[in-house]
Amino acid sequence: MKSAQVEYTERESHPDKLSSFELKDGYLECVCENDLTMRIYAVTDHILRFRYAIDARFEKDFSYAIDPKFQSQSVDLKLEDTNEYLFLHTPSVSCRIKKENLSIAILDKEGNLISKDEKGFHWEEHSKYGGYIVQNSKYIQDGEAFYGLGDKPTDLNLKGRRFCNWGMDEYGYKKDTDPLYKNIPIVYGLHNGVAYGIFFDNSFKSYFDFGSERSHVFSFWAQGGEMNYYFIAGPNLMDVCERYTKLTGTPDMPPMWALGFQQCKWSYYPESRVKEITSKMRELQIPCDAIYLDIDYMDGFRCFTWDAEKFPDPKRMVNELSDQGFKTMVIIDPGIKIDKDYFVYQQAVENDYFCKRIDGHYVKGKVWPGDCYFPDFTRPDVREWWAGLYKELIEETGIAGVWNDMNEPALFEVESKTFPYDVIHDYDGHPTSHRKAHNIYGMQMARATAEGVKKFRNGKRTLIITRSGYSGLQRYSSVWTGDNIASWEHLWIADVQAQRLAVSGVSFCGSDIGGFIEQPTAEMMVRWIQLGIFHPFCRVHSSGDHGDQEPWAFGEECTQLFKRFVEIRYQLLSYIYTSFYQYHRFGTPMLRPLCFVDQKNPVLKDKDHEFLCGDHILISPVVEEGANKKKVYLPSGHWINYWTGEKYNGSAEYVVDAPLDKIPFFVRAGAIIPKLPVQQYVGEKEISKITLDIYYGSDQCTSYLYQDNQEDFDYEKGQFLYSKFNLQNQDGQIKITQDTEGDYLSQVRHFDLNLISFPLDEFTIEVDGKKIDGMAVPSGFKEIKILS
């Protein structure tokens, strides 16, 4: 991309000529003649952090996004000074700084351009609120594509569009609705087969323009705060994603049941209706691990209370549901009803825990209980108090997990749909207005909830869900995609949103299967569950005023097909659990757009109809009514049709059969996929054998299996087993080796081998040098040979 002449508007200020510079411990500081100061920190060999201070005054260095456990590296920095430029070199990238105006270019080790400033950093005074609007613009390279930004309901490639991050409650949103619930300012660029990321860590209302205003310029800006961003070098998209996710944190391992199928509705009540639903699930043998109680379980929508008429003995009910194999989940919103006889309200007023406006009055807003006040979750003492409120629900009643809603925060009956800007927040000792705190409010509520539930689960893992949040929310919570609609368009949106969230650091995500608003047809419900079983969070949820949405509500054919696909989910739970471990440990996204796994193929930069679930499963959901065939693009390598066993070459598009009872589903040749027996709920059966589906392949392929006890935190002490299976084809003879890590003594004693698409009519199997009869092998094997 050739650089055009840069022109500034009358209101824009920009860095002057460099007047001094100094390489300090871990960063380079540059000062301009107009006192603009820039610091470039080497966070790791691949991550550079850029901070700019107008008038040489840096803000206090604080972020909710960065994982406190993240450790910066000691980077071997080298500074090179030339007449026109400074060069800051790490072992992986170089930053070129133009002395005339601090314009930045990032180069790889060979000197190839990765990213280049257009105007670079510039700013203008905010005439209404004071402070500055901070801006940055960079050239779009030839053929460049852009990805990321969390839950945006639009095409995967963001090129040519503009977006806003300002968490909003958008009931019944549609394609291209913006802004939406979540605020995740990570952007990926990909050009010439090379990838990078930019994480703009600024929680004010922010904007991203990918060539919408000026076709050759990518820009990002915020309505206040500091220009503070991280440049994350690749060159691979997956590497950039993992580096960003580790920077902002990964979640604890979930309990295995949290990856099972879950049923929800606004609302299941009274107790008899809840039990009717759970009993029907067991009667029809549709696997299910969790049942949800929406706001109607409360006394007048007061959080942390029960409606005694609808639920006269919650503890007994929860125990009886547990005996059926169901975990009980409940919803909690941030709005606390103004009621002098309500204990939560009393405690908050007594301790001054509610958010205040600048004149000292509590901010009041209408939500489900009517007039409410709202806790300031940016105060540590408020989070501690909120966490303590979960004692009755979790420790005493036995609730297994919590779902936080309405936490953008959302308000009824006001045009802004949220708090006024003059609400003041503590921001963990850095007092500020709602302009800065809005985008992190939901995340800090989820944080307080997670801390409380974890405390009272007595060493057992839990499930937390949030609607809103900021980068780093994944440390505390899973997410769903909000108030969607039962439409074919929304089925497509669910697919793309989940892919985008996963590569934005939030893999534990899913949509309301079937749609929250309106009612799906039987065909749509089947197509949605076909997609939903491959999303990490798998839950049906609907609004009660639009009809029933249980699996059996659409006729016998739908019921049986729904059951069939939920059973596939349960067979694949070990595979999904293993993918979650890779996310937890390495930051690897559980869902992967094709461009993230085959980025040098230019055909894939705009493809969003297919995705990988984990390392080896490729899915192409059917999102059109009446379709019985589907075009499917397969990335490089070789692929096997799950249903037919037919082998396909990659880097090509195919038309495949997609009748209602099948979703286009492919497995990488050479993969080893662990499969469990079908259970009605996790833990129903004591599993001593796992089936290993071994897909014949001519290329070397590595697969993994993760095991632990699925319920507590002993895995943090080494009580896990991470198996690496390496498959090699040596002139038609298959050799599989296993290496393991961890000290967990698994109850799985044997693997049953299931050979798929093998061209061998007759074969023998050797395990650790000994020929065996049958297909069962010890789970601790070192080497398997499958010989013709």
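A residue is taken as buried when its relative accessible area is under 20%. By this criterion, in the predicted model examined here, helix H5 (residues 380–388) contains the buried residues Val-382, Arg-383, Trp-385, Trp-386 and Ala-387. The elements that cover the buried residues of H5 include strand S21 (327–332), strand S22 (336–337), helix H4 (343–351) and helix H7.

The packing of H5 against H7 (residues 434–456) was examined further, the axes of the two helices coming within 8 Å and crossing at roughly 45°. Because an angle under 35 degrees would count as roughly parallel and one of 65 to 115 as roughly perpendicular, H5 and H7 are therefore described as oblique to each other, and their crossing is right-handed. On the H5 side the contact is made by Arg-383, Trp-386, Ala-387 and Gly-388, whereas H7 contributes Gln-444, Met-445, Arg-447, Ala-448, Thr-449, Glu-451, Gly-452 and Phe-456.

Trp-386, which is buried in H5, also has a place in the nonpolar interior. When its neighbours within four places in sequence are left aside, Trp-386 is in contact with Phe-304, Ile-332, Asp-333, Pro-334, Ile-336, Pro-375, Phe-377, Met-445, Ala-448 and Thr-449. Together with Ile-332, Trp-386 has the most contacts inside the largest nonpolar core, which comprises 210 residues. The largest share of this core, ten residues, is supplied by helix H8 (residues 488–503). A second core, separate from the first and made up of 45 residues, includes Phe-146, Val-187, Phe-200 and Phe-220.

A further helix pair is formed by H9 (residues 522–532) and H10 (residues 556–571), whose axes come within 9 Å and cross at roughly 5°, so that H9 is roughly parallel to H10. The residues of H9 that make this contact are Ala-522, Met-525, Val-526, Ile-529, Gln-530 and Gly-532, and those of H10 are Cys-558, Leu-561, Phe-562, Phe-565, Val-566 and Arg-569.

Among the strands, three form an open sheet in the order S23-S27-S28, with antiparallel pairing. Strands S23 (356–357) and S28 (432–433) stand at the edges of the sheet, and each has a single partner strand, so one side of each is left without a neighbour in the sheet. S23 is joined by two bridges to strand S27 (residues 423–425), to which S23 runs antiparallel, and Lys-356 has Ile-424 as its bridge partner in S27.

Note on methods:
Residues numbered from 1 in each chain as written. Predicted model: local features only at pLDDT ≥ 70, side-chain atom pairs only at ≥ 80, totals over all residues. Heavy atoms only, no water. Core = buried A, V, L, I, M, F, W, Y, C linked by side-chain atoms within 4.5 Å. Buried < 20%, exposed > 50% of the residue type's maximum accessible area, 1.4 Å probe, protein only. Helix = DSSP H or I, 4+ residues; strand = E, 2+ residues; numbered from the N terminus. Contact = heavy atoms within 4.5 Å. Pairing = 2+ DSSP bridges. Axes fitted to C-alpha atoms, helices over the stretch in contact; angles between N-to-C directions. Parallel < 35°, antiparallel > 145°, perpendicular 65-115°, else oblique. Left-handed = near helix turned anticlockwise from the far one by under 90°.
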